[in-house]
Amino acid sequence: MRSDGKLDYLELPATGLPETKAFYEAAFGWVFQDYGPSYAAFDAGLDGGFDADAADRTRAPLPILYAHDLEAMLAKVEAAGGRIIKPVYAFPGGRRFHFVDPSGNELAVWSENG
């Protein structure tokens, strides 16, 4: 069961998706689910995916937290001192927002709720 504030998904940047997938398949036996030409998801203990879309990918790993109520969590993030850098937006499977913590780390929070 998903819980508020627990790491739920890890998205990593990829400069070459075929090469990245080949490495993780060979080194660790990871299996991928492709979602178009620039995104491949994996389930390796913690679900995650690689984003090879040059216009969209982050430059560092992106920890993604889960929230049952996205707007309430956004308010909590702001109240705690987080800076919203991508307001709530929809993506296939849900909605999310990105924020920067006080140390400058970028994270995201997502929800399945419409």
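In this predicted model, the lining of the largest pocket draws at least two residues from each of strand 1, strand 3 (39-44), strand 4 (46-51) and strand 6 (83-91). The largest share comes from strand 1, which supplies three residues. The space in the largest pocket amounts to about 560 Å³. It is lined by 21 residues, and those closest to its centre are Tyr9, Glu11, Tyr39, Phe91 and Pro92. By residue class, the lining of the largest pocket consists of ten nonpolar, eight charged and three polar residues.

Glu11, one of the residues closest to the centre of the largest pocket, also takes part in a salt bridge. Its side chain meets that of Arg96, with a distance of 3.2 Å from N to O. Arg96 belongs to strand 7 (residues 94-100) and Glu11 to strand 1 (residues 7-13), so this pair ties together parts that are 85 residues apart in sequence. Both partners, Arg96 and Glu11, are buried.

The structure holds six salt bridges. In general, side chains of opposite charge can pair when their charged atoms come close. A further example is the contact between the side chains of Asp34 and Lys21, where the N to O distance is 2.8 Å. This pair also links distant parts of the chain, with Asp34 in strand 2 (residues 32-34), Lys21 in helix 1 (residues 17-28), and the two positions 13 residues apart in sequence numbering. The two partners fall into separate accessibility classes. Asp34 has a relative accessibility of 40% and therefore counts as partly exposed. Lys21 counts as buried because its relative accessibility is 16%, which is under the 20% limit for that class.

Another salt bridge is formed by the side chains of Arg2 and Asp8, at 3.0 Å from N to O. Here, too, one partner is buried and the other is partly exposed. Asp8 counts as buried because its relative accessibility is 14%. Arg2, with a relative accessible area of 32%, is partly exposed, since this class lies between the limits of 20% and 50%.

Terms used
Residues are numbered from 1 along each chain as its sequence is written. This is a predicted model: local features need pLDDT of at least 70, side-chain atom pairs count only at pLDDT 80 or more; totals for chains, interfaces and linings use all residues. Side-chain values use heavy atoms; hydrogens and water are left out. A salt bridge is a side-chain nitrogen of Lys or Arg within 4 Å of a carboxyl oxygen of Asp or Glu. Buried means under 20% relative accessible area, exposed over 50%, partly exposed in between (1.4 Å probe, protein chains only). Helices (H or I, at least four residues) and strands (E, at least two) are DSSP runs, numbered from the N terminus. On a 1 Å grid over the protein atoms alone, a cavity is a set of points where a 1.4 Å probe fits but cannot get out, and a pocket is an open set with protein on both sides within 12 Å along at least five of seven lines; lining residues have an atom within 4 Å of a point. Grid points are joined across faces, edges and corners, and a volume is the space filled by probe spheres set on the points. Ala, Val, Leu, Ile, Met, Phe, Trp, Tyr, Cys and Pro count as nonpolar, Asp, Glu, Lys and Arg as charged, and the others, Gly among them, as polar.
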